[in-house]
Amino acid sequence: MKAQDEGANEVTIFDCIPSGNFLKRTDLILTDDEKKRIVELATKYHEMDHPMGVIAMAYVNSPEGVGCFGARTQFYMTAYGDVNPCDFNPISFGNVRDMPLDAIWHKMTAHPDFKIHHKTCRMQTPSYRAKYIDVLPDDIKFPITVEDVERYRAEHEKAAAAAAGTK
Ligand code: SF4
């Protein structure tokens, strides 16, 4: 394997998590069968007598693995101090220039949608994206606060209800 020839000790395979400039590209999320194929390839490699590790995030972030790390064992802080559940999730729970980090962590981990252990990658999960990503305007600047997401969601639901009422 080329990576091992280059001296790598481990290869991590990240399947697509729509974020940043790819935020709305949910068409790039692998199907369950495609993820299964990656996990099978990683497993096959592990079973070989081979010193290099191969980690498939399709397995790690699955219900059979660890699920989602965000707001459970990790957070991500931007260079500007905004604290998000992870580097792929653009929802901020506060900025360390305004709030102590432990208070932001408490706010994040006490939130009804984040205090529960999510068994899959939130950013790859349609129900999470429907609530936190799909309701955002296309020209939004990130990160966005969780309070602003809730405001956009309320506006989105109001517009949808008004549209349904006109049919
Ligand atoms: S949403 Fe969860 S599983 Fe997905 S990249 Fe972030 S921490 Fe990892």
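What share of the contacts in the protein chain with a separation of 6 or more comes from residues 24 or more positions apart? The share is 50% in this predicted model, and the views below pick out some of the places worth a look.

**Figure 1. The whole protein chain, from one end of its pattern to the other.** Welcome to the overview: the protein chain holds 6 helices and 6 strands. Following the sequence, you meet them in the order α-β-α-β-α-β-β-β-α-α-β-α. The C-alpha trace spans about 60 × 45 × 30 Å along its principal axes. Of the 167 residues in the protein chain, 18% are buried.

**Figure 2. The residues around the ligand.** Here we step in to the shell of the ligand, which is formed by Ile17, Asn61, Cys68, Phe69, Gly70, Cys86, Phe88, Asn89, Cys121, Arg122 and Met123. Sorted by class, this shell contains 7 nonpolar, 3 polar and 1 charged residues.

**Figure 3. Strands S1 and S2, side by side.** Strand S1 (residues 10-13) pairs with S2 in the parallel sense, over 4 bridges. To find your bearings, look for isoleucine 13, which stands opposite alanine 56 in S2. Strand S2 (residues 53-56) also shows a neat alternation of side chains. Val54 and Ala56 point to one face and are buried, whereas Gly53 and Ile55 point to the other face and are not buried.

**Figure 4. Alanine 71 and the largest nonpolar core.** The largest nonpolar core has 7 residues in all: Ala71, Phe75, Val83, Phe93, Ile104, Met108 and Phe114. Alanine 71 sits in the loop between helix H3 (57-60) and strand S3 (76-77). It counts as buried because 26 C-beta neighbours lie inside 10 Å, and 20 or more are needed for that label. Leaving aside residues up to four places away in sequence, alanine 71 touches Pro85, Met108, Thr109 and Phe114. Do check its backbone too: alanine 71 has a positive phi of about 65 degrees, although it is not a glycine. For comparison, most residues other than glycine have a negative phi.

**Figure 5. A cis peptide bond and an exposed aspartate between H5 and S6.** The loop between helix H5 (126-132) and strand S6 (144-145) includes proline 143. The peptide bond that leads from phenylalanine 142 to proline 143 is cis, with omega near -5 degrees. Most peptide bonds are trans. Aspartate 138 has its place in the loop between H5 and S6 as well. With 6 C-beta neighbours inside 10 Å, aspartate 138 counts as exposed, since the label applies to 12 or fewer. Its C-alpha lies 9.4 Å from that of leucine 23, although aspartate 138 and leucine 23 are 115 residues apart in sequence.

**Figure 6. Helix H6, with glutamate 147 as a guide.** Why does the span of helix H6 (residues 146-165) agree with the number of its residues? At 1.5 Å a residue, its 20 residues should span 28 Å, and the end C-alpha atoms are 29 Å apart, so the two agree. H6 is hardly covered, for 0 of its 20 residues are buried. Glutamate 147 is found in helix H6 and counts as exposed because it has 10 C-beta neighbours inside 10 Å. From here you can look across to serine 92, which is 55 residues from glutamate 147 in sequence and 8.9 Å from it in space, C-alpha to C-alpha.

Methods:
Residues are numbered from 1 along each chain as its sequence is written. This is a predicted model: local features need pLDDT of at least 70, side-chain atom pairs count only at pLDDT 80 or more; totals for chains, interfaces and linings use all residues. Helices (H or I, at least four residues) and strands (E, at least two) are DSSP runs, numbered from the N terminus. Two residues are in contact if their C-beta atoms, placed from the backbone, lie within 7 Å. A residue is near a molecule or strand if its C-beta atom, placed from the backbone, lies within 6 Å of it. Ala, Val, Leu, Ile, Met, Phe, Trp, Tyr, Cys and Pro count as nonpolar, Asp, Glu, Lys and Arg as charged, and the others, Gly among them, as polar. The expected span of a helix is 1.5 Å times one less than its number of residues. A nonpolar core is a set of buried Ala, Val, Leu, Ile, Met, Phe, Trp, Tyr and Cys residues joined through C-beta atoms within 7 Å. Two strands pair if DSSP finds at least two bridges between them.
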